[in-house]
Each structure stands twice: as C-alpha cells, then as structure tokens.
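Reader: I have a chain open here and some questions about it. Can we go through a few spots?

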Amino acid sequence: MQRVYKYDENRISNSTEVRLKMNNVILVVEDETGINKLLADLLREEGYRPVQAYSGTEALLLMEARHPDLVLLDLMLPGLSGEELLEKIRTELHSEIPVLILSAKGDMKNKVNLLKTGADDYIMKPFEPEEVLARIQAALRRSGKASEDRQVLTYKEMKLYPEARKVTVKDTELVLTAHEYELLFLLMQKPGKVYSRESLYELVWQGGYYGENNTVNVHVSNLRKKIRDAGSGEEYIRTVYGIGFKLGE
C-alpha cells in the first residue's frame with residue numbers, strides 16, 4: 001500500500017527563507033507519477049523550484065537545459081536507468097551536482113556501489129518528507145549551493161551566521177565542534193520542532209543509529225554548557241522525555 005503524506009500548511013513560517021530557497025532548482029527523476037508529484041509538491045511547498053522528469057533520458061536533457069542545483073534520483077527508470085544516469089552525470093557532463101538516490105532497493109552492496117560511483121546520499125522508500133527535506137538541505141549546504149545559508153538565524157539572544165559558521169549568544173561567540181554546529185544549525189531552523197535522537201544522529205552524523213549510542217546526548221550537554229557559559233539565563237535546548245530534543249519551550 002502506498003503511503004500518503006500530509007503536509008503542514010504552517011510548515012513555512014518565514015517568507016524571507018522561502019524567497020531565498022526559490023533560487024534552488026531541484027530535478028526530480030521518478031517514473032511513478034504519484035511519487036513524482038508528491039515530491040514536487042513537497043519541494044514547492046518548502047520553497048524550492050522543482051523540475052520533473054519521468055525517465056532517465058528526459059532527465060539528461062533537463063540537466064543540460066535547466067542546470068539544477070540538486071537531483072533526486074529513482075533507480076528503476078524506463079530506458080536509461082538511474083545508475084546509468086548517475087554515471088553520465090559524473091563522467092559525460094563532468095558535473096559535481098549533489099545526487100540523492102531515492103530507492104526501494106535496500107541491498108547494502110548496491111548502496112555502497114552507488115555512493116562510491118558518485119551518489120551523495122541514499123534514502124530508502126518509503127520515505128518521510130522531513131527526512132528528504134533535511135537531507136536535501138544538508139547536501140546543498142555541503143555543495144555550497146544552499147541559498148538559505150545566507151540567512152542569519154536568530155533565537156532569542158542566540159544568532160547563527162551560516163556563511164561564517166559562527167554562533168553568538170549575547171554577542172559572545174561560541175567555540176563549537178563541527179558536529180555541535182551542525183546540530184545547532186538543524187535545531188535553529190525549526191524552533192519548537194521535536195527531533196528524536198535517532199533522526200538527529202542520522203541527519204548530523206550521516207550514519208545509522210543503534211539505540212545505545214550516547215553521542216547525541218553528549219553533544220547536546222556540551223551545547224547547553226557553552227550556551228549557559230556565554231550568559232544565557234535559560235535553557236534553550238529542551239529535552240522531550242522519551243523522544244529527543246527541541247529548541248524552545
């Protein structure tokens with residue numbers, strides 16, 4: 001049974017963020033009409049500009065015509081397969097564009113081979129919309145193409161400057177590790193949103209979470225201490241017991 005996803009009409013609360021994201025063109029390559037439309041609607045709602053392709057051949061033409069910033073790529077396509085398209089993007093077009101695989105193929109060997117041959121990430125179907133959006137944002141940020149990276153994020157007395165990868169509290173700069181910064185960057189984009197420890201680990205560390213890993217807890221504890229030492233009179237990162245963490249009340 002195909003999963004149906006509902007979108008939150010209040011997902012986008014910052015019109016400036018939406019206008020900035022509209023600079024990012026994302027090519028959706030998926031032959032199943034329903035999933036293609038689902039992804040395009042999700043991206044459009046979040047403020048991106050989706051371009052839709054239903055075959056590998058059509059996607060190749062759109063790559064040259066529209067110059068997208070990122071590709072969401074299914075593997076089982078008519079004609080030119082997803083694997084073949086990925087190879088052409090890397091070897092014939094000589095493009096370093098981020099390519100995120102969306103596939104129901106769960107074979108580990110297949111995943112590893114695709115990542116070795118040029119894929120930037122691999123998302124299993126059925127997927128969660130929030131995970132797709134977060135992985136898109138992370139891939140764009142790594143490639144330097146994230147339009148919203150120019151926007152300064154603010155929460156109470158804390159400011160995050162993405163271009164400089166700098167965070168201040170009451171004008172005092174925090175000394176953060178790379179993972180502490182990425183964790184805070186994720187939380188500050190959606191204050192009030194609850195993230196499970198599993199999702200935080202997978203999105204920030206780009207790896208599987210096995211339940212006993214204490215990494216997220218340690219990094220949150222370190223962030224709390226650094227924010228507190230900078231002069232914050234309250235706890236910015238809240239624990240949601242039994243689930244994970246959020247920024248805000």
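Reader: Start with Thr239. Which strand is it in?

Author: Thr239 sits in strand 11, which covers residues 237–240. Bear in mind that this is a predicted model.

Reader: Why does Thr239 count as partly exposed?

Author: Its relative accessibility is 25%, so Thr239 falls between the cut-offs of 20% for buried and 50% for exposed.

Reader: What does Thr239 touch, leaving out residues up to four places away in sequence?

Author: Arg197, Arg224, Gly244 and Phe245. With Arg224 there is a polar contact between the side chains, at 2.7 Å.

Reader: And how far is Thr239 from Tyr195, C-alpha to C-alpha?

Author: The separation is 9.8 Å, for two residues that are 44 apart along the chain.

Reader: Now the confidence. What is the average pLDDT?

Author: The protein chain averages 84, and 85% of the residues score at least 70.

Reader: Which elements have the lowest and highest means?

Author: Helix 1, residues 15–21, is lowest with a mean pLDDT of 41, and strand 3, residues 70–73, is highest with 96. The pLDDT is below 50 over residues 1–21, a stretch that has 38 contacts in the model beyond near neighbours in sequence.

Reader: Back up to the whole chain. How many helices and strands?

Author: Nine helices and twelve strands. The chain has 249 residues, and 49% of them count as buried. Of the contacts with a separation of 6 or more, 60% are between residues 24 or more positions apart.

Reader: What about the surface, how much area does the chain expose?

Author: About 12,600 Å², with carbon and sulfur atoms supplying 50% of that.

Reader: Next, strand 1. Mostly covered or mostly open?

Author: Mostly covered: five of its five residues are buried. Val25, Leu27 and Val29 point one way from the strand, while Ile26 and Val28 point the other way.

Reader: Which sense does the pairing of strand 1 and strand 2 have?

Author: Parallel, over five bridges, with strand 2 being residues 49–53. Ile26 is opposite Pro50 of strand 2.

Reader: What comes between strand 1 and helix 2?

Author: A loop that holds Glu30; strand 1 is 25–29 and helix 2 is 33–46.

Reader: Is Glu30 buried or exposed, and on what basis?

Author: Buried: its relative accessible area is 2%, and the cut-off for that class is under 20%.

Reader: What does the side chain of Glu30 reach, then?

Author: The backbone nitrogen of Glu32, at 3.0 Å. It also makes a polar contact of 2.6 Å with the side chain of Lys125. Beyond residues up to four places away in sequence, Glu30 touches Ile35, Asn36, Ala53, Tyr54, Asp74, Leu77 and Lys125.

Reader: Last topic, the four-strand sheet. What order do the strands have?

Author: The order is 6-7-8-9, in an open sheet with antiparallel pairing. Its edge strands are strand 6 (153–155) and strand 9 (172–173), each of which pairs on one side only.

Reader: How many bridges join strand 8 to strand 9?

Author: Two, with strand 8 being residues 166–169 and the two strands running antiparallel. Val169 stands opposite Thr172 there.

Reader: And which strands does helix 7 lie across?

Author: Helix 7, residues 178–189, lies across strand 6, strand 7 (158–161) and strand 8. The helix runs at about 110° to strand 7.

Technical notes. Residues are numbered from 1 along each chain as its sequence is written. This is a predicted model: local features need pLDDT of at least 70, side-chain atom pairs count only at pLDDT 80 or more; totals for chains, interfaces and linings use all residues. Side-chain values use heavy atoms; hydrogens and water are left out. Buried means under 20% relative accessible area, exposed over 50%, partly exposed in between (1.4 Å probe, protein chains only). Contact means heavy atoms within 4.5 Å. Accessible areas come from the Shrake-Rupley method with a 1.4 Å probe; for residues, only the protein chains shown count as cover. Two strands pair if DSSP finds at least two bridges between them. Axes are lines fitted to C-alpha atoms, for helices over the stretch in contact, and angles run from 0 to 180 degrees between N-to-C directions. pLDDT is the predictor's confidence in each residue, from 0 to 100. A polar contact is a pair of N or O atoms within 3.5 Å; within protein, one must be able to donate a hydrogen and the other to accept it, and residues adjacent in sequence count only if both atoms are side-chain atoms.
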